[in-house]
Amino acid sequence: MIGQLAIHHRAKSFSDRWIEYCETQSIPYKIVNCLGSDIIKQLDSCACLLWHWSHGDPREQLVAHHVIMAAEAMGIKVFPGNSTCWYFDDKIAQKYLLEAIGAPLVPTHVFYDLQDTLQWIEQASYPKVFKLRRGAGSSNVKLVHNAGEARALAERAFSGGFSPIPHYGQDAMKRYRSASRRGDLLNVVKRIPQVLATIRDKKKMMGNERGYAYFQDFMPGNDFDTRVTVIGDRAFAYTRNVRPGDFRASGSGDVVYDTERINHKCLEIAFEVTRKVGSQSMAFDFVFGKDQQPLILEVSYCYIPQLVYSCPGYWDSKLNRHEERVWPQDAILADLLNDVCGSKQREIRPDAMPSAISGR
């Protein structure tokens, strides 16, 4: 490989594992700061750039697309490339993208004028699901039972708007469920002041979402959703049970690794959409419609790596099954290095990654 591998490091992101692998395998790399004013100069002599940028950091959300497109204009191979992440954390962008390529999307309705929204509300059938374009883990996702509830949400959407940052109570419950599984409740309690300050600062920086209304048709009868993560020629899949007394599966934490639960049509759709989009990495949330056909709720370029690694194996694009666990960070790095090296070096496989590397 000619040139260094540049990595933007953020603790507890994909970069932890990328750095350890490079050090173990003696791959030349350097740490860069993609939030630095001199990032273009930092990328001099670099062959590729890895940056696991987060939707939860207002600074990264502001600048990521600009840095990635500039790096690609320099001839640098980037993960995530623009084709992989331009729609990330933007459900409106995902609607237009998936409709443009004919993907099976849950019927989605977006409006940019209050009067247009109210006219549609009066003739729509219910229930519907109201969402913001930004946010993860089912934050700001509401089941709308009738036109009155829809009108109230629409009027707020075109006035004060909604914060895309989960309120502390919602964030606390998510942290409580996660900590209970890990047996780490004491540390969660100790971090409460810091978490409160972080949420307050993010709310100030990101502002409110307003000026649009986003509704999706509600798909009844789904006890779980199916998460399919495609990385290169690999598809990892598991299901997430709907929360008790709720309609949402995302953020439930109730993950099931049962291959018998995986509808292969979901895998076929995921591979086909990923190919059409030209994405290096793409995670899909599927539910089933009235005819039991898979429908996409939303997509993302990144995910919780431990959940992907916990899959007992993966399928290739021909739907052959491979019974081996793979860290997604490894698969991403292997694919990028092979893309940079081309046919000049032996293929680098994620299963060649040292097992001593932690999976943080």
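**Exercise 1. Is Cys85 buried or exposed, and what is its relative accessibility?**

Before we start, a word on the model: this is a predicted model, where local features need pLDDT of at least 70, side-chain atom pairs count only at pLDDT 80 or more, and totals for chains, interfaces and linings use all residues. Residues are numbered from 1 along each chain as its sequence is written, and side-chain values use heavy atoms, with hydrogens and water left out.

*Solution.*
- Step 1: recall the cut-offs, with buried meaning under 20% relative accessible area, exposed over 50% and partly exposed in between (1.4 Å probe, protein chains only).
- Step 2: Cys85 has 0% relative accessibility, so it counts as buried.

**Exercise 2. Find out how many disulfides the structure holds, and check Cys34 and Cys85.**

*Solution.*
- Step 1: a disulfide is a pair of cysteine sulfur atoms within 2.5 Å.
- Step 2: for Cys85, the closest cysteine sulfur is that of Cys302, 9.2 Å away, which is too far for a bond.
- Step 3: the sulfur of Cys34 has its closest cysteine sulfur in Cys46, at 9.9 Å, again too far. Cys34 is buried too, with a relative accessible area of 1%.
- Step 4: searching the whole structure gives 0 disulfides.

**Exercise 3. Check the length of helix 3 (residues 58–73) and look for a bend.**

*Solution.*
- Step 1: helices (H or I, at least four residues) and strands (E, at least two) are DSSP runs, numbered from the N terminus.
- Step 2: the expected span is 1.5 Å times one less than the number of residues.
- Step 3: the 16 residues of helix 3 should therefore span 22 Å, and the end C-alpha atoms lie 24 Å apart, which agrees.
- Step 4: helix 3 bends by about 40° at Ala64, the bend being the angle between axes fitted to the seven residues ending there and the seven starting there.
- Step 5: Ala64 is also one of the buried residues of helix 3, which include Val67 and Ile68.

**Exercise 4. Place strand 8 (residues 213–217) in its sheet.**

*Solution.*
- Step 1: two strands pair if DSSP finds at least two bridges between them.
- Step 2: strand 8 is joined to strand 5 (residues 108–111) by 4 antiparallel bridges, with Ala213 as the partner of Phe111.
- Step 3: strand 6 (residues 128–131) also pairs with strand 8 over 4 bridges, antiparallel, and here Lys131 is matched with Tyr214.
- Step 4: the 4 strands form an open antiparallel sheet in the order 5-8-6-7. Strand 5 and strand 7 (142–144) are its edges, each pairing on one side only.
- Step 5: 4 of the 5 residues of strand 8 are buried, so the rest of the structure largely encloses this strand.
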